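Biologist: Got a minute to go over a structure with me? I'd like to talk through a few local features.

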Amino acid sequence: MDIVQLTIDNKKVVVEKGTTILEAAKTIGVDVPTLCHMKLEDTNFENKPGGCRVCVVEVEGRRNLAPACKTECTEGMMVNTHSVRVVNARRTVMELILSDHPFDCLVCAKSGDCELQSLAQNLGIREIKYTGAKSTYKGDESPAIIRDMDKCIMCRRCETACNEVQTVGVLSAINRGFESVVAPAFEMDLDHSTCTFCGQCVAVCPTGALTERDSSSKVMDAIVNPKKKVIVQTAPAVRAALGEEFGMEAGTLVTGKMVSALRKLGFDYVFDTDFAADLTIMEEGTELLDRLSKHLAGDKEVKLPILTSCCPGWVNFFEHQFPEMIDIPSTAKSPQQMFGAIAKTYFADQLKEKREDVVVVSVMPCLAKKYECSRDEFAVDGDPDVNISISTRELAQMIRNANLNFEALEEDDFDNPLGESTGAAVIFGTTGGVIEAAVRTAYEVHTKKPLERLDFEELRGMEGIRSATIDFDGLPINIGIAHGLGNARKLLEDIKAGKSQFHAIEIMACPGGCIGGGGQPYHHGNMEILKKRQKAIYEEDKGKTLRKSHENPFIQKLYAEFLGEPCGHKSHELLHTHYYDKKKKVEI
Amino acid sequence: MANIKLPAAKVDELKEVCKKFDNDGGELINVLHAAQEMFGYLPAEVQELVANELNVSVAHVYGVVTFYSFFSMIPKGKHPISICMGTACYVRGAEKVLDEFKKHLDVKVGETTDDGKFSISCLRCVGACGLAPVVTVGERVYGRVAPEDVKGIIEEYL
Amino acid sequence: MAKYKNHVLVCGGTGCRASQGEEIVYNLNRVIEENGLEQEVQVVRTGCFGFCEKGPVVKMVPDNTFYVQVSPDDAEEIVKEHLVKGRQVERLLYTDPETKKHVSESKNMGFYKKQIRIALRNCGFINPENIDEYIARDGYASLGMAITEMKPEEVIRIIIDSGLRGRGGGGFPTGLKWDITRKVESDQKYVVCNADEGDPGAFMDRSILEGDPHSVLEAMAINGYCTGANQGLIYIRAEYPLAISRLKIAIQQAREYGLLGKDIFGTGFDFDVELRYGAGAFVCGEETSLIHSMEGLRGEPTVKPPFPSESGYKGKPTNVNNVETYANIPVILMKGAKWFSSIGTEKSKGTKVFALAGKVNNVGLIEVPMGTTLREVIFDIGGGIKDGKKFKAVQTGGPSGGCLTEKHLDIPIDYDNLIASGSMMGSGGMIVMDEDDCMVSMAKFYLDFTVEESCGKCAPCRIGNKRLYEMLHKITEGKGTEEDLSNLRNLSNVIKDTSLCGLGQTSPNPVLSTMENFWDEYMAHVKEDKCPAGQCKSLMQYIISEEKCVGCTLCSRVCPVDAITGDKKAPHVINPTTCIKCGACFEKCKFGAISIQ
């Protein structure tokens, strides 16, 4: 290993060759401020254009200042990170960036969580000497994401997320100079583009330029409406992250406090999307076994591998980018939509309410869910199965609005019947979880033997693409996993080329799966946060008495009383969907 | 999103151009040059088609089109007027000449008159500094243009 | 050129072509044919002669008569008088502005006397569309010598010893650059010619490509041999159609002659050249931007290192030099390092081509030895300031350079002296300004350019230059304050210090150098609300002299806003609040009664 020795702020530092000044400084506790730079280790997200110039430092013998994030350490280098020249330059650059930024911080959705704001505070900017014209752009509000590009600082993180990580390719830098900004082609609305609404652009945006569409007031309107029964479902990844919004350590499970908070907010029933996740496993697992047995029986027409379909960002992705493969994914709806379908039929019947008087709210780590619940096929006579979807962040805001002291709340339990779930459902929140849950059920259904080992470590982790072969009592089942749409693309290309050896593939659009969703508390580039959330999810699974979906007694009851059998007639009607070719055609 | 509407012959021609460049995304700028030559400008439909053929995102194509001043999404006038704003022309009064054109045609730089006859653009040095200030109308070059000459130049094309 | 007795060389540079150069060629050929001389006389379209001020230029060979400002109608007389009767057409000869005598040969003209033409050696001498003419002047001999007799290291040694530095602006030693690329191991390397001349007011690269395209192709092949590359790419502005078409012809001819392509001179060395088109982005003159543009991307720069010599086009080692640098290479190999390094100053060897323009009598393209003074260039070659006005400043280096003044006139021009004086060589634009030019407006002009050309990637250049422009605008409007001046200075320094690429690192130079050299002018704008040069509209006032005004009423009639009042035959007055300073009255007054203050 080659090493170099250098001096930073009069301290000797020894680092590996190739280390940047920024990284080297960190090793001696010097935090050079950054703005555009963001690296999410273990995923392929690295944004380092060297564009904001906030991290400049003085290097002896160099004519101009050096960007610490992009400059590699060399032997004998003498670096000063806080000389008068550096501080003046940094503050001046910051003033320039602020001079082209709206001053509506007090009412900005990102206030308090804005990296630009906290940097301005750190640098103690109190006036802006260089004022002038501000760049303004067309606003864009889709059902999921709001783009207010007047607040864009051209850090290019969203562009990196959209193109390099997700390979969706909706965003690009456009124009030149002062007018340059990141936008979809022709500055069209995201709604009209091939955006998957995965929300990874929002997750990495340092300012209020990209935010979710806030639906919390719609939720409150429903709650105060005496005619409506408002029920809420919460996705598995939410409980592993919500606490962060209240200063709790990342990875703290707050399931009980969350239920308690939801009840205090006035929801009539507090249910769990996990229940629907168990239901998803029943449907998707059955579908897998069905396709598998046909395949084993020599059916050449049957589509394998089967792809999971719980993730709406992923569904949007293949509808736009791989329309020729829309018959490969499972037809099972996502847990959010299965929940909505059951809530507005089975449960509404129990309540003796008309479906339009039942309002289903979902709390999701996800922005694509906002889009998903607005899809036409998920509504009956214009009444959507899920009326409103809010993100983890929006729920936190509602809790704050209601003056609830979150940390002090007592732990509470979900309501029944749609609140009971197994450990298999909990792990839906992380990459690898859906397929592990499916394996647990499919194994027992297929082999008719009890599964001895429930923890499939080989399916877990943070690698972008993972694979494992699970022995179904003599039948080897090849499983693939991808998280991040760029990784998904690779597996899809393989299938297209006929090179895929997998029987089943799990895909989640967001890096890390739902724990890293676009609606989660901002991680600000700290990968440890995602890892802790993941750990919390597996802990919750471990703590559950029931860890296989088919053992959920309320699921069994649902089939017995209402649905019949998995993939049966009623299931197909309520729990399965179909996909659309959304690729643009050249019309002559 | 509306589907793309272009005349069939043009579509084939453009596809042929892309093919000539091996449908290689790295050749995007060359392809755009050819497309602009073909259509006179680069409407959204053309960019969509190019993106499709070269297997790059439309956003990327649009990002490139809007980066380079040579590419335009607005059709040029029948007689495109370009005023050289290179330094040599500037110090010899190009700005006044430009103002005169703007005044007479009532359009801004980068715009086309309502009747589609004239469009005004600025150039950065055509390399005819000896003739400064220089104006070109289509292929024709006018040297040592004074603001008083502007009216006459426009009238030549009416 | 052996076959014909006489040659008529017609300048085919863009400037002369714009002045009906093609019609001149057409008429000459027609008259020659009418007089039955087509077997004896050949009309040749050459590259630029450089003396654009007096274009179109026609030169007669072998007697070297140099006709200036020729019009298509003059063709008849040239043929009948000069070619048939052997008499010079006197009225088309150049008149020396001092002696008022006709000068028939270019070497006796002030414009050419002090020039040494190395990079431009063939421009104006050969038909750029005929490879034989290039070969007749030792063309491709250097390539032959290099690849058949020399090792790459030996060739590079000569380039290093010659002291040649990059002519595109930075002035990096060319031989060293080649050597770095040579030493990087890779299965594929590229040779790139930067012909994206974007500096407004510079056109030397274009003239070389139009006048002598083969010299660039030859040099690129030599570079390919030295660095181990077999693919050359010329990145050229799409706005240069003539240069593009001549390059295409040259590449085709070189391929036909086996001077490009496979197994050149039977040595097994393969090398070919392709064209890539720029699309109007000044920043693409920066080499990383240029490479991204060639890859079909937005022309945004990336942080160096890695340098292109390590990781360039498609991630492969890439040697980038500009046109003028390449044009020097074949001669250096032919005549030796010693010869080249005997020209110029200690640290800047050889010659430099400048595009001399602005308020100077002889606008044109010139090539002078490094170390020539600005005074020699502006007054001897340039023939002094137009209309007998007073010299004020000269901007070298385009938007990246600075304004130099009277006190810099006797400094020998080279890379280091220009930088020490607060400017830079740049690509070689040289714009002369006189007493009527306002220096604040000049700085604003350049910043306007930079604002438009900034790629937008880094914050200081994207926003900082905009703010500089806005402050300068405010000052020229008479709304500036002394605080603005100190902000201008600080911001300029920070932009230089923090910008990502060469564009932003130099864009404040016009501001800093004009502030340094014309501080009083800035102060006059902010403290006295005056523009000493009388250029800033908002700060000027038209005044009618009571003594001189005869009351003809012409001014009040042309005034578009009725700001001028007065009785017939009585002195008129301009109301300063309604006056829009259009200058119509000033131009119309026959008695010189209206002045600007």
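Modeller: Sure, here is a short run through charge, backbone and exposure.

Modeller: This is a predicted model: local features need pLDDT of at least 70, side-chain atom pairs count only at pLDDT 80 or more, and totals for chains, interfaces and linings use all residues. Residues are numbered from 1 along each chain as its sequence is written, chains are lettered from A and ligands numbered from 1 in the order in which they are written, and side-chain values use heavy atoms, without hydrogens and water.

Biologist: Which peptide bonds are cis, and what is omega?

Modeller: Asn416(A) to Pro417(A) is cis, with omega near 10°. Lys304(C) and Pro305(C) are also joined by a cis bond, with omega about -5°.

Biologist: Where is Pro305(C)?

Modeller: In the loop between α11 (287-294) and β11 (318-322) of chain C. Helices (H or I, at least four residues) and strands (E, at least two) are DSSP runs, numbered from the N terminus.

Biologist: And where does Pro417(A) sit?

Modeller: Pro417(A) is in the chain A loop between α12 (392-401) and α13 (423-426).

Biologist: New topic. What is phi of Asn10(A)?

Modeller: Positive, about 70°, although Asn10(A) is not a glycine. Its loop runs between β1 (3-8) and β2 (11-16) of chain A.

Biologist: Why does Asn10(A) count as exposed?

Modeller: Because its relative accessibility is 74%. Buried means under 20% relative accessible area, exposed over 50%, partly exposed in between (1.4 Å probe, protein chains only).

Biologist: What about phi of Asp562(C)?

Modeller: Near 50°, a positive value in a non-glycine residue. Asp562(C) counts as exposed, at 60% relative accessibility.
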